Amino acid sequence: MSLQNKPVPSAVITPWILFCAAVDNYGDIGVCWRLARQLRQEYGIAVELWVDDWAALARFLSEPSIASQDSHVVQGVHFRHWHSPWVVSAQSLERIAGSAVIIEAFACSLPPILVSAMANSATPALWLNLEYLSAEDWVKECHALPSPQSVPNAAGAPIGLNKYFFFPGFVEGTGGVLREAGLLERHASLQSALPLARSAFLAPFTLSKELLDDRRCLVMSLFCYEGLALRSLLAALAEAEERTLCLVPEGRSLRSVQSFFELDEEPAPGTVLGRGSLTLVVLPFSSQDDYDRLLSICDFNIVRGEDSFVRAQFAGRPMLWHLYPQHQNAHLPKMEAFFSLYSEESEPEAALHSFWGSWNQGEDCRDLWHHLRPQLPALQRQARSWQQKLAQRPDLAANLVQFYRDRVEINGTEGAC
Ligand code: TRH
């Protein structure tokens, strides 16, 4: 019996509280929102999601009206504005400290008064630090480890409290990745009627019938960070023999689009640009569900960060992962670690590997793209095989619920140590 079908014990229904600090971009809020929705919808858990950057949240959810509120419910998830300093009533503090689970997303540091209230609570919440996703080997060693914290009580004496590291990952022994029920079925349904799904998606944009009817035209989504690699790809697409329709959601990629097309300002959503064999459409930033549709209907997806990277894997299309760039190329070992899991070591994958490597070092990728493009049909088979493999693993929400059950219901221990 899958976890989703198991009866949910009443203890699981008591609120889970998530704290999210938006670092920059949308990855942090994207992951927290996706997780919160799944916990609510598939496990019936009441979820409260505290977010510090309320303006970014309003943009992310395309709900400008929430900007003037401090609390808002979307699809059953209760969003709350995390002000600094964090001021809550004594009653709320006690309620939150004694909830079922508190998730500190991406080491965002809980408000000190909450940590202190947890330490002093008779039934403290299970405290988890949800970490960034990585395919590196050490993740297995660190996943689910407790980190004992010493918190002073009202009299200044130390009280022990455990915080657990919860590491998402791709292999057994890690926390898994987010995958809600029905995701693969939705992709299969869109992809089984691809021409229809594509024309429905592209209907709002002014594109010639000739382009839309061109079966050899490659359809690509592009959601990455700006830079030379991106500009070199646009140049390669423009000079290629076969056409490309490149779909670019609003965001940082547009800085390079602007400079490639020598525009005075960043192009607005709805703009269609052309050079040589390349047609480029600027898309509005959409809901997460519509972004999944985009990934599903494309032949190749360029994705970034953490969440779009995982979603592209489940879309089952060949892809390029643009990692969040780190000082001294510290992101490259992360790329290599993932690629060695992802790859079946075929020749087309060697071309993909070179492309990913150069792109993630900010190099010119023009020639590498020309070499890669003929390999896409073979890479499509490999992407599908990875999609199926990944879907066999328990997902992040299921693993979190299981961790909670093991820790609280079977052992009867919560955060206290
Ligand atoms: O925005 P990102 O670059 O986030 C990154 C990573 O999370 C990284 O780990 C972190 O350290 C850094 O931020 C600070 O990329 P990511 O993770 O793909 O998040 C984008 C989110 O936006 C994801 O949830 C998908 C969503 N999205 C939409 O909802 N609609 C859209 O139109 C698009 C393009 C994306």
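## Exercises on two pockets and two residues

Helix 8 is the top contributor to the lining of the second largest pocket, giving five residues. Keep in mind that this is a predicted model.

**Exercise 1.** Work out what surrounds the second largest pocket.

*Solution.* Start with the space itself, which comes to about 400 Å³. Next, look at the wall: 14 residues line this pocket, and Pro195, Arg198, Leu212, Asp214 and Arg215 sit nearest its centre. Now bring in the helices. Helix 8 and helix 9 (209-213) each supply at least two lining residues, with helix 8 giving the most. Finally, sort the lining by character: eight residues are nonpolar, one is polar and five are charged.

**Exercise 2.** Where does the largest pocket lie relative to domain 1 and domain 2?

*Solution.* First, the volume: the largest pocket holds about 950 Å³ of space. Its lining has 45 residues, and those closest to the centre are Gly27, Arg304, Gly305, Glu306 and Asp307. Step two is to list the helices that each put at least two residues into this lining: helix 2 (27-43), helix 8 (194-202), helix 12 (288-297) and helix 13 (307-315). Of the contributions to this lining, that of helix 12 is the biggest, at five residues. Step three is the chemistry, which splits into 23 nonpolar, eleven polar and eleven charged residues. Last, check the domains. Domain 1 (16-176 + 394-411) and domain 2 (183-391) both give residues to the lining, so the largest pocket lies between them.

**Exercise 3.** Is asparagine 301 buried or exposed? Then find its partners.

*Solution.* Place the residue first: asparagine 301 is in strand 13 (residues 300-304). Its relative accessibility is 0%, and buried means under 20%, so asparagine 301 counts as buried. Setting aside neighbours within four places in sequence, asparagine 301 contacts Ser221, Leu294, Leu295, Arg317, Pro318, Met319 and Leu320. With one of these, serine 221, there's a side chain to side chain polar contact at 2.7 Å.

**Exercise 4.** Do the same for glutamate 180: which residues does it touch?

*Solution.* Glutamate 180 sits in the loop between strand 8 (158-166) and helix 7 (183-192). Despite that loop position, glutamate 180 is buried, because its relative accessible area of 16% falls under the 20% cut-off. Leaving out residues up to four places away in sequence, glutamate 180 touches Gln38, Glu42, Arg186, Asp292 and Arg311. The side chains of glutamate 180 and arginine 311 make a polar contact at 2.8 Å. To finish, compare sequence with space: glutamate 180 and glutamine 41 are 139 residues apart along the chain, yet their C-alpha atoms are 9.3 Å apart.

Note on methods: Residues numbered from 1 in each chain as written. Predicted model: local features only at pLDDT ≥ 70, side-chain atom pairs only at ≥ 80, totals over all residues. Heavy atoms only, no water. Helix = DSSP H or I, 4+ residues; strand = E, 2+ residues; numbered from the N terminus. Buried < 20%, exposed > 50% of the residue type's maximum accessible area, 1.4 Å probe, protein only. Polar contact = N/O pair within 3.5 Å; in protein donor to acceptor, adjacent residues only side chain to side chain. Contact = heavy atoms within 4.5 Å. 1 Å grid on protein atoms, 1.4 Å probe; cavity = no way out; pocket = protein on both sides within 12 Å on 5 of 7 lines; lining within 4 Å. Points joined across faces, edges and corners; volume = space filled by probe spheres on them. Nonpolar A, V, L, I, M, F, W, Y, C, P; charged D, E, K, R; others polar. Domains from an automatic or database assignment.
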